[in-house]
Each structure stands twice: as structure tokens, then as C-alpha cells.
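Grab a coffee and let's go through a structure together. Could you take a look at it before we start asking things?

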Amino acid sequence: MNDDGSGVINKIEERKNYLSRKLPKVRGASYRGQRLEQVIASNIDNVIIVTSVHFPDFNNRVVDRFIVAAESSKLNVIIVLNKIDLDKPDISSHWKKLYEDIGYKFLLTSAETNHGINFLKEEISNKISLFWGHSGVGKSSLLNKMFPGLNFKTGEVSQFTSKGTHTTVTSVMRKVAENTFIIDTPGLREMDPYGIKKIDLRHYFIEFTEHLNKCKFNTCTHHHEPGCDVINAVENGKISAERYDSYLRILNTIEDDIEF
Ligand SMILES: Nc1nc2c(ncn2[C@@H]2O[C@H](COP(=O)(O)OP(=O)(O)OP(=O)(O)O)[C@@H](O)[C@H]2O)c(=O)[nH]1
Ligand SMILES: [Mg+2]
Ligand SMILES: [Zn+2]
């Protein structure tokens with residue numbers, strides 16, 4: 001890349017993996033009634049799902065939609081709960097425990113007080129990491145704290161709506177240290193994973209895995225069926241009710257007619 005931002009593509013790397021979502025409905029981007037795929041980035045190591053305690057409020061169902069998209073692309077997931085300086089009793093501790101029990105890394109950070117910043121920096125060292133999440137959660141602020149030279153623009157969150165105002169408008173990749181790359185992305189308003197079949201969704205809730213072969217019916221959708229081991233696990237507390245609720249909600253929004 002030249003100083004003026006122009007550049008020449010001299011090699012196109014093979015695409016080993018990629019992350020995508022459905023294009024939002026508002027853009028009217030559909031083909032014969034099916035919403036099209038938007039590729040966010042390819043050949044990445046980590047998807048850093050950034051959330052915040054407040055402004056905007058933490059929403060576990062949104063986190064689970066991001067996780068499904070990342071798991072379906074077999075990408076490593078790290079969840080960051082930012083704005084920990086605004087923490088209220090039990091918010092961070094409850095969700096940290098829930099996601100760590102499943103096996104995810106869950107980091108608490110504050111771009112305001114620097115809490116957890118060095119730890120996050122170590123986690124992304126020697127990797128290509130994409131920062132993903134709703135607008136206003138602090139993706140660009142965290143990146144600036146870790147790597148002040150980036151000098152990304154950061155925004156104000158309207159306290160009236162608690163919705164970010166889309167300060168970052170295009171995805172940018174930067175080399176921040178030897179072998180270390182970051183991608184800052186514009187905040188999303190909606191996140192519908194692309195190309196996921198009802199039958200496959202269960203595999204993207206990784207704590208369901210050990211139960212999937214123990215259901216009474218091998219056609220079990222883990223929705224209502226008798227003898228369902230996933231439902232048993234929810235009832236005896238091995239799978240969290242919140243995660244199971246996310247599973248059912250996403251299951252209900254998947255169209256059955258996707259063909260590949
Ligand atoms: N209290 C508090 N505010 C923060 C923290 N991190 C970021 N903010 C504020 O949150 C607002 C949004 O931060 P950004 O870094 O622009 O958020 P973003 O996720 O990059 O947003 P988009 O680019 O729109 O996707 C700014 O006003 C920041 O100052 C934090 O840890 N604590
Ligand atoms: Mg930003
Ligand atoms: Zn079942």
C-alpha cells in the first residue's frame with residue numbers, strides 16, 4: 001500500500017476459510033427471494049466477538065448468533081465484554097462463567113480504564129484477528145488502546161437510543177506487529193448467519209455435541225421430542241437455558257428451503 005492509500009494487488013491468496021452473514025433485508029439484496037451472502041473476511045485465525053456491558057446493553061442472543069456464524073466457518077472464537085467500568089452486579093460474572101463453562105475464552109476489558117487490555121493484546125499476538133460486533137461496543141477504541149498508532153476514529157453512543165452510530169464505515173486490515181494483523185469492522189445492526197441448515201445448527205452449539213447421539217429418535221431436532229438428551233441436559237442444568245433458548249430462536253428463523 002502506498003502512503004496515499006492506493007495500491008496494487010500482485011497476488012491473490014487461496015481462500016482457506018471465510019466469515020459471512022446474510023446481507024441485511026433493508027438493502028433489498030435478494031435473488032429470487034433468497035437473501036444473498038456477504039463475505040466479511042477470509043483467511044483469519046480469530047473472531048473477536050466484542051460486546052459491551054452497557055451502551056449498548058449486553059445481549060447473549062446476539063452473541064450466540066455471532067458464535068454460530070464463526071463456528072460454521074470453523075474459526076476460533078474469543079468473546080470480549082468491554083465497558084467493564086460500567087459493570088452492574090452479576091452481569092460480567094454471570095456471562096463469563098456461562099461461556100467459560102462451555103469452553104470459550106471470555107475476556108473482560110475497558111478501553112476507559114485499560115482493564116484487560118494487555119491480556120487481549122497477548123491473545124491476538126501472532127494471529128490474524130477480526131473484531132466483530134454491534135456498533136458502539138468499542139471495537140475501534142480497544143484497538144486504539146492496544147495499538148495507539150492505529151488512531152482509528154471512535155464515536156459517541158447516543159444515550160437516547162443506546163445504539164451506536166456506525167463510526168467505522170469500512171473494514172480495514174492493519175499489520176500491528178510482526179505476524180500480527182487486526183481487522184476493524186463496521187458495527188452490524190443485524191446478524192443472520194448465512195447458509196446454515198436446520199439439521200446443522202446443533203453442531204454450532206458446541207456443548208450440545210456429547211448429547212446429540214443419545215436422543216431417542218435419530219431425526220430429533222431437540223425442539224420438543226420425547227427422549228431428547230439435549231432437553232434432558234437443559235433440565236438437569238448441564239446445558240444452560242439461555243443457550244438452549246438461543247438455539248430454538250435461531251432454529252425458528254432458518255428457512256427450510258436452502259439448497260446447496
Ligand atoms: N465507558 C466506556 N466507554 C467506552 C469504552 N470503550 C469504548 N467506549 C466508548 O464507546 C463509544 C463507541 O466506541 P467505538 O470504539 O467507536 O465503538 P465501535 O464498536 O468501533 O463502533 P462502530 O465503529 O460504529 O462499529 C465511544 O464513545 C467510546 O469512547 C469503555 O471501555 N468504557
Ligand atoms: Mg469502530
Ligand atoms: Zn434431541
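What follows is a chat between a trainee and a mentor about this model.

Mentor: Quick housekeeping: this is a predicted model, where local features need pLDDT of at least 70, side-chain atom pairs count only at pLDDT 80 or more, and totals for chains, interfaces and linings use all residues. Residues are numbered from 1 along each chain as its sequence is written, while chains are lettered from A and ligands numbered from 1 in the order in which they are written.

Trainee: How many helices and strands does the chain have?

Mentor: We take them from DSSP runs, numbered from the N terminus: helices are H or I with at least four residues, strands are E with at least two. Counted that way, the chain has 7 helices and 10 strands.

Trainee: What percentage of the chain's residues count as buried?

Mentor: First, the cut-offs: a residue is buried if 20 or more other C-beta atoms lie within 10 Å of its own, exposed if 12 or fewer, and partly exposed in between, with C-beta atoms placed from the backbone. Across the 260 residues of the chain, the buried share is 31%.

Trainee: Which strand does β5 join, and by how many bridges?

Mentor: Strands pair if DSSP finds at least two bridges between them. One bridge puts Thr51 opposite Leu81, which is in β6. β6 is mostly covered, with 6 of its 7 residues buried. The two strands run parallel, and the partner and count you want are β6 and 7 bridges.

Trainee: Is Lys83 buried or exposed?

Mentor: Lys83 sits in the loop between β6 (76-82) and α2 (91-102). Its phi is positive, about 60 degrees, although Lys83 is not a glycine. Around it there are 26 other C-beta atoms within 10 Å, so Lys83 is buried.

Trainee: And His222, buried or exposed?

Mentor: His222 lies in the loop between α5 and α6 (229-235). Its phi is positive too, near 65 degrees, in a residue other than glycine. With 23 other C-beta atoms within 10 Å, His222 counts as buried.

Trainee: Which peptide bond is cis?

Mentor: Look in the loop between β5 (46-52) and α1, where you'll find Pro56. Omega is near 0 degrees for the bond from Phe55 to Pro56.

Trainee: What span does α7 reach from its first C-alpha to its last?

Mentor: The expected span is 1.5 Å times one less than the number of residues. Helix α7 (residues 241-253) has 13 residues, for which 18 Å is expected, and it comes close to that at 19 Å.

Trainee: Why do the buried residues of α7 lie on the same side?

Mentor: The buried ones include Arg243, Ser246, Tyr247 and Ile250. An α-helix has 3.6 residues a turn, so residues three or four places apart point the same way. The exposed residues Ala241, Arg249 and Asn252 are on the face turned away from the buried side. The buried ones share a side of α7 because the arc they cover, taken from the directions from the helix axis to the C-beta atoms, is only 100 degrees.

Trainee: Which helix gives the largest share of the shell around ligand 1?

Mentor: A residue is near a molecule if its C-beta atom, placed from the backbone, lies within 6 Å of it. There are 24 residues around ligand 1, and the closest are Gly138, Ser140, Ser141, Thr168 and Gly187. The largest share, 3 residues, comes from helix α4.
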